[in-house]
Amino acid sequence: MRLSGRKPSPTTKRWIQRPRVVLLGLIGANIAVFVAQLFLDAYQPGFVREYLALSDRGLRSAYGWQFITAAFLHDGPWHLLGNMFLLYLLGRDVESIIGQRQFLFLYLTGTLAGELGHLFLMPENSALLAASGGPAAVVVAYAAILPELELTSMSLFLLPIRLKAKHLGYAAFSLAVLGIIFDRTAAVAHSSFLGGCVAGWFYAHLLGFGRPSILQRALSQRRAEAERYNAMTAEEFIAQEIDPLLEKISREGMGSLSRAERRLLAKAREKVSERGNPDERK
């Protein structure tokens, strides 16, 4: 389907889907590590949790490789299937939008943030199978990039369930918080989900997607106010901003002014000096 409704010209280049090298590579790496994990668990029980999963005790023993090995560990086949399903289903669109390089950085950032979140939020005796951090970052980044996109799935009774991508992001974050609160057992996989969600949200916003945060809106509003004041002449500034303040002072006294209003009075001195020295405005 062509949105323009026009036929392509002979010189029009056809859009070619790039091979999903990064996405398929990450899925392949997760599957390969899981197979190796099964063999290790079968022939040497406890080795994966002791030496490969991320734990506070392991880091104190200088097992720094756990940051890398734990990033691809799963807590069973269902954990693997769920992560890879979400990664492939949503990762295709995210990789196409932000590019393969940024997609890889997003996944790795989510994984690292998930591991750090586990170290800060979970007990010292817990060990992390951290493969959920990367997919969590992809899920939340998808929700930030395409918040109003409707996703359709089928329930057990084949009834279509529709929800927007942003609601999927909210649900992922809520489940991550609940998991941190109620499940703090020795070997966990869910604790990397919270850090991954936060990393996905920040990464998408750094790339320019999503609604502006409270801080961004405050900075933008402050910048717009500064530009408006600079564009005013001294007479306009005094008439629109200072005269109402002087009336308020005459009615309620100087103590009734807020900090913002006191800053306006300070700006009035600058405007008056500009009127007295017109060369400074050039």
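In the predicted model, helix H7 passes helix H9 in a right-handed crossing. The axes of these two helices approach to within 7 Å and cross at roughly 40 degrees. H7 and H9 are therefore oblique to each other, since an angle of this kind falls outside the ranges that count as roughly parallel, roughly antiparallel or roughly perpendicular. On the H7 side, the contact is formed by Gly133, Ala136, Ala137, Val140, Ala141, Ala144 and Ile145, which meet Ser192, Phe193, Gly196, Cys197, Gly200, Trp201 and Ala204 of H9. Sorted by class, the residues of the contact between H7 and H9 comprise ten nonpolar, four polar and no charged residues.

Helix H9 also packs against helix H6, and the axes of H6 and H9 come within 6 Å of each other, crossing at roughly 135 degrees. H6 and H9 are therefore likewise oblique to each other, and their crossing is right-handed. H6 contributes Gln102, Phe105, Leu106, Thr109, Gly110, Ala113, Gly114, His118 and Leu121 to this contact, while H9 contributes Ser191, Ser192, Leu194, Gly195, Gly196, Ala199, Gly200 and Tyr203. The residues joining H6 with H9 divide into seven nonpolar, ten polar and no charged. Gly196 and Gly200 of H9 are listed in the contact with H7, and both are also listed in the contact with H6.

The largest nonpolar core of the model contains 39 residues, and those with the most contacts inside this core are Leu87, Val94, Phe103, Leu106 and Val138. At least two residues of the core are supplied by each of helix H1 (21–43), helix H5 (77–98), helix H6 (100–121), helix H7 (133–145), helix H8 (165–182) and helix H9 (191–206). Among these, H7 gives the most, with nine residues. The surroundings of Phe103 illustrate how this core is assembled: with residues up to four places away in sequence left out, Phe103 touches Val22, Leu23, Leu26, Leu87, Gly91, Val94, Glu95, Ile98 and Val138. A second core, separate from the largest, consists of seven residues, including Leu52, Ala53, Ala127 and Leu129.

Three individual residues were examined for their surroundings. Gln37 is located in helix H1. With a relative accessible area of 6%, Gln37 is buried, because this value lies under the 20% limit for buried residues. Apart from residues up to four places away in sequence, Gln37 touches Val48, Leu73 and His74.

Leu178 belongs to helix H8. The relative accessible area of Leu178 is 44%, and this residue is accordingly partly exposed. Leu178 and His190 are separated by twelve residues in sequence and by 9.7 Å in space, taken from C-alpha to C-alpha.

Leu163 is placed in strand E4, which covers residues 160–164. At 28% relative accessibility, Leu163 also counts as partly exposed. When neighbours within four places in sequence are set aside, Leu163 is in contact with Leu149, Glu150, Leu151 and Leu168. The C-alpha atoms of Leu163 and Glu148 are 9.1 Å apart in space, and the two residues are 15 residues apart in sequence.

Terms used. Residues numbered from 1 in each chain as written. Predicted model: local features only at pLDDT ≥ 70, side-chain atom pairs only at ≥ 80, totals over all residues. Heavy atoms only, no water. Core = buried A, V, L, I, M, F, W, Y, C linked by side-chain atoms within 4.5 Å. Buried < 20%, exposed > 50% of the residue type's maximum accessible area, 1.4 Å probe, protein only. Helix = DSSP H or I, 4+ residues; strand = E, 2+ residues; numbered from the N terminus. Contact = heavy atoms within 4.5 Å. Axes fitted to C-alpha atoms, helices over the stretch in contact; angles between N-to-C directions. Parallel < 35°, antiparallel > 145°, perpendicular 65-115°, else oblique. Left-handed = near helix turned anticlockwise from the far one by under 90°. Nonpolar A, V, L, I, M, F, W, Y, C, P; charged D, E, K, R; others polar.
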